[in-house]
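Here is a short report on one protein chain with a ligand. Look at the sequence and the structure first.

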Amino acid sequence: MLITEMDKSQCMELLRASTHGRLGCSRDNQPYVVPITYAADGNNLYSFSLTGQKVAWMRDNPKVCVQTDQFQAGREWRSVIAYGRFEELPDRIGWKVQRERAWALLSKQAEWWEPGSVKPAGEVPAPHLFFRIVIDEVTGRHAFTDDQN
Ligand SMILES: Cc1cc2nc3c(=O)[nH]c(=O)nc-3n(C[C@H](O)[C@H](O)[C@H](O)COP(=O)(O)OP(=O)(O)OC[C@H]3O[C@@H](n4cnc5c(N)ncnc54)[C@H](O)[C@@H]3O)c2cc1C
């Protein structure tokens, strides 16, 4: 198996092609990773959520990362990590354009709101929010076998 580094445009292409990733955040030296649905646009990954542990942690420490991957035939894979900063898109003057952008992009995916809007049975309903990860840096790796050259 060979592994090559992906350049920035290849990384952004995979981020745009994917709709799911694993969001990594941390607080008090404790990492926390959860799957999320997102929509990539420019230098941003937009998502939707209820308040809860990940939002509380990202409010405390906005430095996060999102990882996504793609597996293909013949053991080929691509994986990208985007490092960036959590930014809330509040329902306030000054954020209307970004909130509408998040809504427009996410609503291209069927049932986009569902995984981010349900808590386990019995929990008190929590307020929802749109947020984005502003990407600072991306890294990517592409693995393939010799015969795929
Ligand atoms: C394919 C997919 C897409 C998803 N898309 C979104 C999305 O776009 N937006 C969104 O907000 N959520 C999405 N989710 C759900 C997400 O993974 C979290 O479960 C959810 O957001 C709750 O996270 P929280 O930090 O608010 O947890 P809280 O409700 O605050 O609960 C925290 C507690 O629950 C545990 N916990 C929370 N989530 C998980 C989990 N997924 N697996 C195991 N333990 C967990 C934590 O370890 C912690 O103990 C998606 C899940 C999947 C599988």
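The report covers the overall fold, the ligand shell and one loop residue.

## Model and fold

The model is predicted. The protein chain has three helices and eight strands. Along the sequence, they run in the order β-α-β-β-β-β-α-β-β-α-β.

The protein chain has a radius of gyration of 16 Å, which agrees with the value near 15 Å for a compact globule of 149 residues. Along the principal axes, the C-alpha atoms fill a box of roughly 55 × 35 × 30 Å. Of the 149 residues, 26% are buried. Take the contacts between residues at least 6 apart in sequence: 74% of them join residues at least 24 apart.

## Ligand shell

How many residues surround the ligand? There are 14, and the closest are Thr-37, Ser-49, Gly-52, Pro-115 and Gly-116.

Three elements, β3 (30-37), β5 (44-50) and α2 (53-60), each supply at least two residues of this shell. β3 gives the most, with four residues. By type, the shell divides into five nonpolar, seven polar and two charged residues.

## Pro-127

Pro-127 sits in the loop between α3 (96-106) and β8 (128-144). Is Pro-127 buried or exposed? Pro-127 counts as exposed, because it has 9 C-beta neighbours inside 10 Å, and the cut-off for exposed is 12 or fewer.

Pro-127 also pairs up with a residue far along the chain: Leu-50 is 77 residues apart from Pro-127 in sequence, yet their C-alpha atoms are 5.6 Å apart in space.

Technical notes:
Residues are numbered from 1 along each chain as its sequence is written. This is a predicted model: local features need pLDDT of at least 70, side-chain atom pairs count only at pLDDT 80 or more; totals for chains, interfaces and linings use all residues. A residue is near a molecule or strand if its C-beta atom, placed from the backbone, lies within 6 Å of it. Ala, Val, Leu, Ile, Met, Phe, Trp, Tyr, Cys and Pro count as nonpolar, Asp, Glu, Lys and Arg as charged, and the others, Gly among them, as polar. A residue is buried if 20 or more other C-beta atoms lie within 10 Å of its own, exposed if 12 or fewer, and partly exposed in between; C-beta atoms are placed from the backbone. The radius of gyration is taken over C-alpha atoms; the globule rule is 2.2 Å times the number of residues to the power 0.38. Two residues are in contact if their C-beta atoms, placed from the backbone, lie within 7 Å.
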